[in-house]
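Trainee: Could we go through this structure together, step by step? I should like to learn how each answer is reached.

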Amino acid sequence: MSLYDLPGHYGRNLEIDVCHECNAIWFDEWESTQLSPDGVVGLFRLIHERGGTASSAGSKLSEGLRCMSCGDAMKLVNDSVKNTRFVYQACRHGHGRFTTFYNFLSEKQFVRELTRAEREKLCATVR
């Protein structure tokens with residue numbers, strides 16, 4: 001993992017851990033919500049510079065990952081924001097979470113699932 005210093009709310013900076021090998025991010029407790037808009041854009045830029053979201057990290061989410069802080073087994077969490085679903089591995093003791101680039105983009109609503117009406121329109125127009 002590499003550390004990236006990114007802007008947080010109220011003039012604070014946050015050190016975010018990024019795994020370049022599997023295109024994933026480790027957030028300590030609440031770090032994802034403490035990123036300022038500039039910090040989120042900074043992570044978006046990093047994701048773009050790394051070539052997008054294609055990675056092997058998705059398969060790691062189903063593996064028995066261990067917390068970077070306490071070493072205990074992590075749990076798979078299914079979450080959503082405004083009908084956009086995303087998943088991550090979370091420490092059972094609240095120390096942090098591991099998420100893929102794609103799931104981070106979904107969490108921040110940079111990418112989203114199509115609505116039923118959008119899927120139906122797409123099916124009707126694309127053969």
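Trainee: Which residue of β3 is the bridge partner of aspartate 17?
Mentor: This is a predicted model, in which local features need pLDDT of at least 70, side-chain atom pairs count only at pLDDT 80 or more, and totals for chains, interfaces and linings use all residues. Residues are numbered from 1 along each chain as its sequence is written, and side-chain values use heavy atoms, without hydrogens and water. Strand β2 covers residues 13–19 and strand β3 residues 24–28, and the two run antiparallel with three bridges between them (strands pair if DSSP finds at least two bridges). Across this pairing, aspartate 17 is bridged in β3 to tryptophan 26.

Trainee: Which strands stand at the edges of the sheet, and why is one side of each left without a neighbour?
Mentor: The sheet is open and has six strands (DSSP runs of E, at least two residues, while helices are runs of H or I, at least four, numbered from the N terminus). Following the order β1-β2-β3-β6-β5-β4, with antiparallel pairing, takes us from one edge to the other. Each edge strand has a single partner, so one side of it lacks a neighbour in the sheet, and these strands are β1 (2–7) and β4 (74–81).

Trainee: Which strands does helix α2 touch where it packs on the sheet?
Mentor: Helix α2 is made of residues 37–49 and packs on the sheet, with contact meaning heavy atoms within 4.5 Å. The strands that α2 touches are β1, β2 and β3.

Trainee: Over how many bridges do β4 and β5 pair?
Mentor: One of the residues to look at is serine 80, whose bridge partner in β5 is arginine 85. In the hairpin of these strands, two residues lie between them, and lysine 82 takes a positive phi near 45°. The sense of the pairing is antiparallel, and the number of bridges between β4 and β5 is eight.

Trainee: How many residues apart in sequence are the parts that phenylalanine 44 and phenylalanine 110 tie together?
Mentor: The structure has four aromatic pairs (Phe, Tyr or six-membered Trp rings with centres within 6.5 Å; stacked under 30 degrees between planes, edge-to-face over 60, otherwise tilted). Phenylalanine 44 and phenylalanine 110 form a tilted one, at 4.5 Å centre to centre with 45° between the planes. Because phenylalanine 44 belongs to helix α2 and phenylalanine 110 to the loop between α4 (101–107) and α5 (116–125), the pair ties together parts whose separation in sequence is 66 residues.

Notes
Axes fitted to C-alpha atoms, helices over the stretch in contact; angles between N-to-C directions.
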